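This report describes parts of one protein model in running text. Please look at the sequence and the 3D view before reading on.

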Amino acid sequence: MVATTLIASGLVVALLASLLLDQVGRGLLETKTSSALLEARLGAAQMQAELEVSPCVELSDAAGCVQNQLQALTQSLSDRGAAGGLYQVLLSGPPENNAFASPRIRPDAAPRELADRLAADAPSGYVYTRSGEAPAQLVVGTVLSAPVLGQYRLFHFFPLTAEARSLALVRRTAAVAGILLVLLLALIALIVTRQVVSPVRLAARTAEKLAGGLLEVRMAVRGEDDLARLAVTFNTMAEVLQRQILQLEDLSRVQQRFASDVSHELRTPLTTVRMAADVLHDSRGHFPPAAARSAELLQAELNRFEDLLTDLLEISRYDAGAASLEAEPVDLVALVARVVDQTSALAQSKGIEIDLRAVPDTEVIASVDHVRIERALRNLLVNAVDHAEGRPVRVELAQDADAVAIAVRDSGVGLKPGEAARVFTRFWRADPSRARTTGGTGLGLAIALEDVRLHGGWLEALGEPGQGATFRITLPIHAGALLRSSPVPMVAA
């Protein structure tokens, strides 16, 4: 706002100053021209009157007498003009006669344009001249009739030095006044802008505090203007948000406590049921076919139920902030190869090939919790096999000076627009009608995300419908380091 005001006021002041200087210059020039024409007419009229009553016409040497009279009249007129520095004169006649001029005026100083105009029988005229760096002059020409000798042309040279000094003074005054005016306008704009922007800045700082978790902060309300109404509206919004956030936090704590309590409370009965189910499963060979099949189904569902409880307990630890990181130097090339080997049986049962690409092929040492990273990678790989639709799954490993990245790419069903951000939501499934063949709990990707975040890393997803999906884990090589980029590009499979 201040910069805009400064530029706009500067342009306006410059335009006004230009118009002012133009008007002042025109006024000075018109005044000088009027007075100069009057002075020139008076001088020419006086000289013409002296010539008309000249006694030289009765003398035998009338021409010489008239010339002497012309020289005396020119000298008198020159002395009168030089006394006040008003003008200088030049009297020039026919070519065969000499010219008479003031001391600093050359005989050929008359402007050709004005001389030609007077030669064309114009009784008078004037022009403005400038010779190099010399000040401008106003030259007024008048035709005189001398006895015996004929017509002469009288030129008055009026210097415009005083007018130029006056215009320069006005120009300097306008420049100083304009600069002061622009600075004053900028100062006023700064003060007004601060008065307007300060409440907005206060609202921004208050909003930042709200975003930082300080839900009790409010804006001060002063007066009854628009800014005061803004503060009231902002405070009302903050109160509503505070209530809703507190309600959500209470609900979240209840949900977390419920999940944790249920998970722990179900451990004991599950252990009892597991023991009974193991006995039945081990003895299923002595049962009728229907009972044997029921024992197998019971064993499978108990395994899935136990996995779900394990995942719920892990999520509960993250929600409670009780998850800890036990980082140590680990060769990630060997870790990735181990997870691929563990998943190869599942992939072979689906006719899927897992392609491992490690760049470089040497060891990649990073400070990580190998249990959590193995679990996260296993979840990604099992998820890719489950959705690959029989097509190959590619696992890539790369590193740079600061980070190491593992990407799992498949060419299966892919992800619809917007699903890349929701795929890590707990219990969320992209296609609820799709049959699950691996018996997942719906918490695998959520736990994987928490495992990676615990390392200070990134877990990202990208995909397109029918073209597969890519999941990328990026971890800092040194625990606690800040990530800036990933060595594996995030592109579709």
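Strands S3 and S4 pair in the antiparallel sense over six bridges. Helices (H or I, at least four residues) and strands (E, at least two) are DSSP runs, numbered from the N terminus, and two strands pair if DSSP finds at least two bridges between them. The model is a predicted one, in which local features need pLDDT of at least 70 and side-chain atom pairs count only at pLDDT 80 or more, while totals for chains, interfaces and linings use all residues. Residues are numbered from 1 along each chain as its sequence is written, and side-chain values use heavy atoms, with hydrogens and water left out.

**The sheet**

Within the pairing of strands S3 and S4, tyrosine 128 stands opposite leucine 138 in S4. Both strands belong to an open sheet of five strands, in the order S2-S1-S5-S4-S3, with antiparallel pairing. Strand S2 (100-101) and S3 stand at the edges with a single partner strand each, so one side of each has no neighbour in the sheet.

Strand S1 is joined to S5 by five bridges, and the two run antiparallel. S1 is also joined to S2, by two bridges, again in the antiparallel sense. Leucine 90 stands opposite alanine 101 in S2, and valine 89 has histidine 156 as its bridge partner in S5.

How much of S1 is covered? Five of its five residues are buried, where buried means under 20% relative accessible area, exposed over 50%, and partly exposed in between (1.4 Å probe, protein chains only). Gln88, Leu90 and Ser92 point one way from S1, Val89 and Leu91 point the other way, and all are buried.

Histidine 156 lies in strand S5. With a relative accessibility of 0%, histidine 156 counts as buried. Leaving aside neighbours within four places in sequence, its contacts (heavy atoms within 4.5 Å) include Ala40, Gly43, Ala44, Val89 and Leu138.

**Helices beside the sheet**

Helix H1 (residues 2-52) lies across strand S1 (88-92), S3, S4 and S5, and runs at about 20° to S4. Axes are lines fitted to C-alpha atoms, for helices over the stretch in contact, and angles run from 0 to 180 degrees between N-to-C directions.

In helix H3 (residues 112-119), Leu114, Ala115 and Leu118 are buried. Seen down the axis of H3, these buried residues fall within an arc of 100°, so they line one face of the helix; the arc is that of the directions from the helix axis to the C-beta atoms. The buried residues of H3 pack against strand S3 (124-129), strand S4 (137-146) and strand S5 (150-159). On the face turned away from the buried side are the exposed residues Arg112, Glu113 and Ala119.

**Helix H8 and its two partners**

The axes of helix H7 (residues 332-349) and helix H8 (residues 370-387) come within 10 Å and cross at roughly 35°. The crossing of H7 and H8 is right-handed. A crossing is left-handed if the near helix is turned anticlockwise from the far one by less than a right angle, and right-handed if clockwise. The residues in this contact include Leu335, Val339 and Leu346 of H7 and Ile373, Leu377 and Leu381 of H8. By class, the contact of H7 with H8 has 11 nonpolar, three polar and three charged residues. Ala, Val, Leu, Ile, Met, Phe, Trp, Tyr, Cys and Pro count as nonpolar, Asp, Glu, Lys and Arg as charged, and the others, Gly among them, as polar.

The axes of H8 and helix H10 (residues 444-454) come within 9 Å and cross at roughly 145°. H8 passes H10 in a left-handed crossing. Among the residues in contact are Arg372, Ala376 and Leu380 of H8 and Leu445, Ala448 and Asp451 of H10. This contact of H8 with H10 has seven nonpolar, three polar and three charged residues.

**Positive phi angles**

Most residues other than glycine have a negative phi. The table lists residues with a positive value.

| Residue | Phi | Place |
|---|---|---|
| Aspartate 121 | near 70° | after H3 |
| Valine 148 | near 70° | loop between S4 and S5 |
| Glutamate 389 | near 55° | loop between H8 and strand S9 (393-399) |

Is valine 148 buried or exposed? Valine 148 is exposed, with a relative accessible area of 57%. Glutamate 389 is partly exposed, with a relative accessible area of 45%.
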